[in-house]
Amino acid sequence: MTAVSPKATGIHHVSITVNDYERSRAFYTQLFELLGGQVVMDVVGAPHKHEGCRMMLLAAGNFMLGVWEAAPEHRGRAFDRYSVGLHHFAIALESRAAIDEVHRRLVAAGVEILDAPAEYPYAPGYYAVFFSDPDGIKLELVHM
């Protein structure tokens, strides 16, 4: 029997929960279209555990994002990236020019930009833009 040495190949998907599903659906559909992606699933009910609640799955490149409607009793809660849970997530893009172009389109769409495209000190050549989704979830596009 050969020993297997498991090695991660990347993050397959991240799932988030949102307050206003229709507003977030529009935001993430537009964002993923900008990134060359698309909606691959958009359903009411299962796999959501709350009857009548919705979820969608979007894909771009090797990354997928699940967007889940908050359960009725949790809607209206504010997102706080400094509380326990998700701080932000980053999607890698192929070039600085791609980040600049998506940034231009986000600004034109009225998206809240947290930090403009620039080289950041996290690693050599780390070029990124940071922005918020409709619930205030911090998103990042990065090229290294």
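**Exercise 1. The annotated domain**

Determine what percentages of helix and strand the chain has over residues 10-144, and how far apart the end C-alpha atoms are.

*Solution.* Begin with the boundaries: in an unreviewed entry, UniProt lists residues 10-144 as "domain: VOC". Next, take the secondary structure of the predicted model over this stretch, which gives 20% helix and 38% strand. Finally, take the C-alpha atoms at the two ends of residues 10-144, which lie 16 Å apart.

**Exercise 2. The four-stranded sheet**

Establish in which order the four strands of the open sheet are arranged, and which of them are edge strands.

*Solution.* Strands of a sheet pair through backbone hydrogen bonds, in either the parallel or the antiparallel sense. In the open sheet considered here, the order is β1-β4-β3-β2, with mixed pairing. The edge strands are β1 and β2 (38-44), each of which pairs on one side only. Ignoring direction, neighbouring strands of this sheet are turned by 15 degrees against each other on average. For one pair in detail, consider β2 and β3 (residues 54-60), which are antiparallel and joined over six bridges; V39 has L58 in β3 as its bridge partner.

**Exercise 3. A helix across the strands**

Identify which strands helix α1 lies across, and give its angle to β3.

*Solution.* Locate α1 at residues 21-34. This helix lies across β1, β2, β3 and β4, and runs at about 10 degrees to β3.

**Exercise 4. The largest pocket**

Describe the largest pocket by its volume, its lining residues and the classes to which they belong.

*Solution.* The volume comes to about 440 Å³. The lining consists of 21 residues, and those closest to the centre of the pocket are T17, V18, R77, A78 and F79. Turning to secondary structure, β1 (13-18) and β4 (63-69) each supply at least two lining residues, and the largest share, four residues, comes from β1. Sorted by class, the lining has 10 nonpolar, seven polar and four charged residues.

**Exercise 5. The second largest pocket**

Carry out the corresponding analysis for the second largest pocket, and state which element gives the largest share of its lining.

*Solution.* About 270 Å³ of space lies in this pocket. Its lining has 15 residues, with L35, A60, I91, A92 and L93 nearest the centre. Two or more lining residues come from each of β5 (88-92) and α2 (96-108), and α2 gives the largest share, namely four residues. By class, the lining of the second largest pocket has 10 nonpolar, two polar and three charged residues.

Terms used
Residues are numbered from 1 along each chain as its sequence is written. This is a predicted model: local features need pLDDT of at least 70, side-chain atom pairs count only at pLDDT 80 or more; totals for chains, interfaces and linings use all residues. Side-chain values use heavy atoms; hydrogens and water are left out. UniProt positions are given in the numbering used here, feature names are shortened, and annotations may be inferred rather than shown by experiment. On a 1 Å grid over the protein atoms alone, a cavity is a set of points where a 1.4 Å probe fits but cannot get out, and a pocket is an open set with protein on both sides within 12 Å along at least five of seven lines; lining residues have an atom within 4 Å of a point. Grid points are joined across faces, edges and corners, and a volume is the space filled by probe spheres set on the points. Ala, Val, Leu, Ile, Met, Phe, Trp, Tyr, Cys and Pro count as nonpolar, Asp, Glu, Lys and Arg as charged, and the others, Gly among them, as polar. Two strands pair if DSSP finds at least two bridges between them. Axes are lines fitted to C-alpha atoms, for helices over the stretch in contact, and angles run from 0 to 180 degrees between N-to-C directions. Contact means heavy atoms within 4.5 Å.
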